[in-house]
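Please open the model in your viewer and keep the selection tool ready. The stops below go from one residue to a cavity and then to the nonpolar cores.

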Amino acid sequence: MGFVTQLKNLDRELAHFHGRLKVGAALVALLAAALLARGFYLQVVQHEHYIQRAESNRISRVPTAPNRGLILDRNDRILAENYSAYTLELTRARTDNLEATLTEVGTLIEITPGQLRRFRRLLSESHEFETVPLKSKLTDEEVAIVAANRYRLPGVEVKARLFRNYQAEPGMAHVLGFIGRINDRDLKQLRDDGREQNYKGSAHIGKTGLEQSYETLLHGRTGFDQMETDASGRAVRMLSRIPPVPGKDLRLYLDAALQAVAEHAFGDYLGGLVALDPNTGGVLALVSRPGFDPNLFIDGIDPETWKSLNESPERPMVNRALRGIYPPGSTIKPLMALAGLELGLRKPSDSINDPGFFSLPNSSHQFRDWKRGGHGVVDLRRSISQSCDVYYYQLAVDMGIDRMHDYLAQFGLGEKTGIDLDGESAGLLPSPDWKRRRFKQPWYPGETVIAGIGQGYHLTTPLQLAVAAAMLANGGVRIEPRLVQAVRDPLTHTWQPQPGGARAQLAIAPRHLEVVREGMMDVMRTGGTAARSVAGAPYTVAGKTGTAQVVGIKQGERYDAGRLAREHLDHALFIAYAPAENPAIAVAVIVENGGSGSGTAAPIARAVFDYYLTGKRPGDMKLEAENGAD
């Protein structure tokens, strides 16, 4: 009996049970208190927070991209516009098997190898949750086929998108530029500028030309729709809307018809042309030959097409009007003549005897004139009309390189003009200081001689020469070229004129300028180097021809265009303005490997003058050399 009692102590076990029961009850009470506290925290303390999160799950904020502004010429001809079309797009994150999906799509509608290559390139540049276009501008039939088979195509959808279309000649691409898909570099720049929010829902941004320079005006302001969605994320109803604000339209000074005339006049030559209104600085035409089709870039250019454009020996992607740099040649002679008069180194009546060459004192080296045997007795006006090299060799030596540099700099040579396009080259106006910095060498007297006729280290752009020509036309007012004339507000639909570029008046004696102008008019009169190019014109022209050497000629040899391949011919240059008495247009033309300014560049300017001043459109233009003169 005692043994059984020893094995089982009921009182002790009961006490232990009560203890465990109390501990369990305390633990349950503690957990219940924690649960109640957590419930209170979530439902009372965090009530507003979770209400907002629930509401955000129910409501989606959908960005609405604005319509991009139009670009029009001075006569309101549309150069860049928008149109709506359907695009087949794919989201990688919503597709289990990308390759299988692409194959399935290919069985339903045609997907070309080029479209597939472009898709893969864009896919590699995009995040997996971003939609990437596979095929643009679907037909109604293709839209219907994809819609009917949507259940078989996870991650594939058809979207209505706005597309950009450029209605201009290929040469206009360097003016208008183009838009392209927003990449990581664009996003970083948008973030740095604080503009990223305004590009929600937008897939494109201006990449070059006016599309880039005026991006903030053309893009507009993004709108947002607040949509109520169901559990699967599908839209149920719109709750509110902030409409997008379209981008502003741009009206240019540029005349699209004049641009087309200028491009046609180049024929199969390469080069650049700039036509300015000398009174306002408005760019009337800006041509770079050859051009390209900007529509190729809108949704991602095909790699093969990009390679052909980028590696072409004709360099169609280079804007020759702004970035092409060439020796100005004899086109700077009117500026040199004006410098000689203004600096007191020459009088209009001063003459020299040109034997066909020039030599520095104590030197046997001869700097040849372009005309064999020389021009005989030459005064200042005749030095311009006959483009006498020897006259300017001597003037350059008398002037010295430092004074030459400082005077020519006043006409904008050697620095950017400030045009409202990115990518402009400054060219080069040489000086002894520049040469010491660049080559660690002194300046030699012979370099001053050739600088006097725009050769040697001189490099300039067609735009800079056009500005210089405009200054000769307007009495010495240095203008800052402008392409955009006015901007139209999308809300008021009114045109707001854009402020003109900076202007600076040079202090030039009118009598000196008049002598130089007369010399330039003599260039276009009987006996002048470019007289034939304006024969029969119902208006007067003041101009100056020039050539820029492409291949060097040894001492004692003569330049013979007939023995050279076309790519080795001199570049042909021409600057001019018209009507000479009351200038309305100033032009600079550079024809690569054109041979002579009078034979190739001047006739192109004539076509531009004819259309702008008389409305005459040229027929097929035959460019032929004249006398071998500048």
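**Stop 1: Glu215**

Select Glu215, which sits in helix 10 (residues 215-219). The model is a predicted one. Is Glu215 buried or exposed? With a relative accessible area of 5%, Glu215 falls under the 20% cut-off, so Glu215 counts as buried.

Now show the side chain of Tyr199: a polar contact of 2.5 Å links the side chains of Tyr199 and Glu215. To complete the surroundings, add Arg68, Arg195, Ile205, Gly206 and Leu210, which along with Tyr199 are in contact with Glu215 once neighbours within four places in sequence are set aside.

**Stop 2: the cavity**

How many cavities of 30 Å³ or more does the structure hold? There is one, and the volume of the largest cavity is about 50 Å³. Select its lining: Phe411, Gly412, Glu415, Lys416, Thr417, Gln464, Val467, Arg478 and Ile479. Colour these residues by class to see three nonpolar, three polar and three charged. Helix 20 (462-474) and strand 17 (477-479) each contribute at least two residues to this lining.

**Stop 3: the nonpolar cores**

Return to Leu210 and Phe411, and add Leu273, Met336, Val587, Val589 and Phe609: within the largest nonpolar core, of 131 residues, these touch the most other members. Helix 20 gives this core its largest share, 10 residues.

Centre on Met336. Residues up to four places away in sequence aside, Met336 touches Tyr392, Leu395, Ala396, Met399, Met404, Leu408 and Gly452.

Finally, select Leu88, Ile111, Leu123 and Val146, which are among the 17 residues of a second, separate core.

Notes:
Residues are numbered from 1 along each chain as its sequence is written. This is a predicted model: local features need pLDDT of at least 70, side-chain atom pairs count only at pLDDT 80 or more; totals for chains, interfaces and linings use all residues. Side-chain values use heavy atoms; hydrogens and water are left out. Helices (H or I, at least four residues) and strands (E, at least two) are DSSP runs, numbered from the N terminus. Buried means under 20% relative accessible area, exposed over 50%, partly exposed in between (1.4 Å probe, protein chains only). A polar contact is a pair of N or O atoms within 3.5 Å; within protein, one must be able to donate a hydrogen and the other to accept it, and residues adjacent in sequence count only if both atoms are side-chain atoms. Contact means heavy atoms within 4.5 Å. On a 1 Å grid over the protein atoms alone, a cavity is a set of points where a 1.4 Å probe fits but cannot get out, and a pocket is an open set with protein on both sides within 12 Å along at least five of seven lines; lining residues have an atom within 4 Å of a point. Grid points are joined across faces, edges and corners, and a volume is the space filled by probe spheres set on the points. Ala, Val, Leu, Ile, Met, Phe, Trp, Tyr, Cys and Pro count as nonpolar, Asp, Glu, Lys and Arg as charged, and the others, Gly among them, as polar. A nonpolar core is a set of buried Ala, Val, Leu, Ile, Met, Phe, Trp, Tyr and Cys residues joined through side-chain atoms within 4.5 Å.
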